Amino acid sequence: MAIASRLRARGVLSRCESSNLRSLLWPFLNRGFSSSSIPFHLERVGFIGLGNMGFHMASNLITAGYKITVHDINYDALKKFSDKGIPTKETPCEVAESSDVIITMLPSSSNVLDVYTGQNGLLHCRSHLSPWLFIDSSTIDPQTSRILSTNISKCLLKEKKGFADNPLMLDAPVSGGVPAAEAGTLTFMVGGLEEAYLAAKPLFLSMGKQTIYCGSSGNGAAAKICNNLAMAVSMLGVSEAFVLGQHLGITASTLTKIFNSSSARCWSSDSYNPVPGVMEGVPSSRNYDGGFASKLMAKDLTLAMTSAGEIGLKCPLTSEARDIYMELCAKGYDSKDFSCVFRHFYSGKDES
């Protein structure tokens, strides 16, 4: 198989390891994916992090027929699942003991490190782990993803499940926000061993509509912070243009029609419009509640700035966008959707 040959050439797999993994995964790399025939290596899924995104992702896996066990530090979040008869655990380690695959969806790098390496974390019993695959869908820095992946690959499996001698990790952050998480239409950006990505694809397609393989470990995380950088700058540009238009006597509805039929068209104008009263079903239509919090955007822009600094790259727009979102958070709008920049930074007016 060409994939295994490329990985072997890069030194990722030895010839023997590549041959074994290829032969063991071959049945799953060539079958169609459907919720009615879940591959045995993916049946038991542990899901950790049941916030705005994780709640819907885990719920979609349950609907698809997976055997789910969940954990969150928020008791109310756990109760939503226990009330439906879904097994809940008090610690990440307990989740790992009963799972073939672990999925984590957490707010920050520090949360991820705590869940994986902290007391009673997923790697607490590193000498005999039950899961063969760990998938982190959090938005964190690429370096943390790469370090975790290396550490996980050094662990041993409690019982060999036919995929590798050691457990594997994929970094698989998502795009689409809460609406896509609820609808099961997320896009996954995945970094890690390509065979593991292909074997795990049924899981991704039970929570989303598209998966994009980004390359080696950490590349999924890198793709996500680049995506959110562009999204933040786009939202600022669209909001700034709407406010300028309002002051020049052009309504946001008129500008939206112009943007969406010309070169200014973008997600921030045609799918996530920041002006209250222009579009239904988006955060701006409900006082900027729900959606993607400004504090998370500030965090992601900080991750982008840190990554840029590590390689000596100047990113002036990223820096300015980060400062704006940090200011919004300081003013108390940290939990409001990031599109609130239109009202609370630029002082834009609602569409009347």
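Reader: What makes Phe47, Ile48, Gly49, Met53, Gly54, Met57, Ser137, Ser138 and Val174 count as touching Met105?

Author: Each is in contact with Met105, contact meaning heavy atoms within 4.5 Å; residues up to four places away in sequence are not counted. This is a predicted model, in which local features need pLDDT of at least 70 and side-chain atom pairs count only at pLDDT 80 or more, while totals for chains, interfaces and linings use all residues. Residues are numbered from 1 along each chain as its sequence is written, and side-chain values use heavy atoms, with hydrogens and water left out.

Reader: Why is Met105 called buried?

Author: Buried means under 20% relative accessible area, exposed over 50%, and partly exposed in between (1.4 Å probe, protein chains only). Met105 has 14% relative accessibility, so Met105 counts as buried.

Reader: How do you know that the span of helix 7 agrees with its number of residues?

Author: The expected span is 1.5 Å times one less than the number of residues. Helices are DSSP runs of H or I with at least four residues, strands runs of E with at least two, numbered from the N terminus. For the twelve residues of helix 7 (residues 142–153) the span should be 16 Å, and the end C-alpha atoms are 17 Å apart, which agrees.

Reader: What makes the buried residues of helix 7 line one face?

Author: They are Pro142, Thr144, Ser145, Leu148, Ser149 and Ile152. Seen down the axis, they fall within an arc of 160°, so they line one face of the helix; the arc is that of the directions from the helix axis to the C-beta atoms.

Reader: What covers these buried residues of helix 7?

Author: The cover includes helix 6 (109–117), strand 4 (133–136), strand 5 (168–171), helix 11 (219–247) and helix 14 (294–310).
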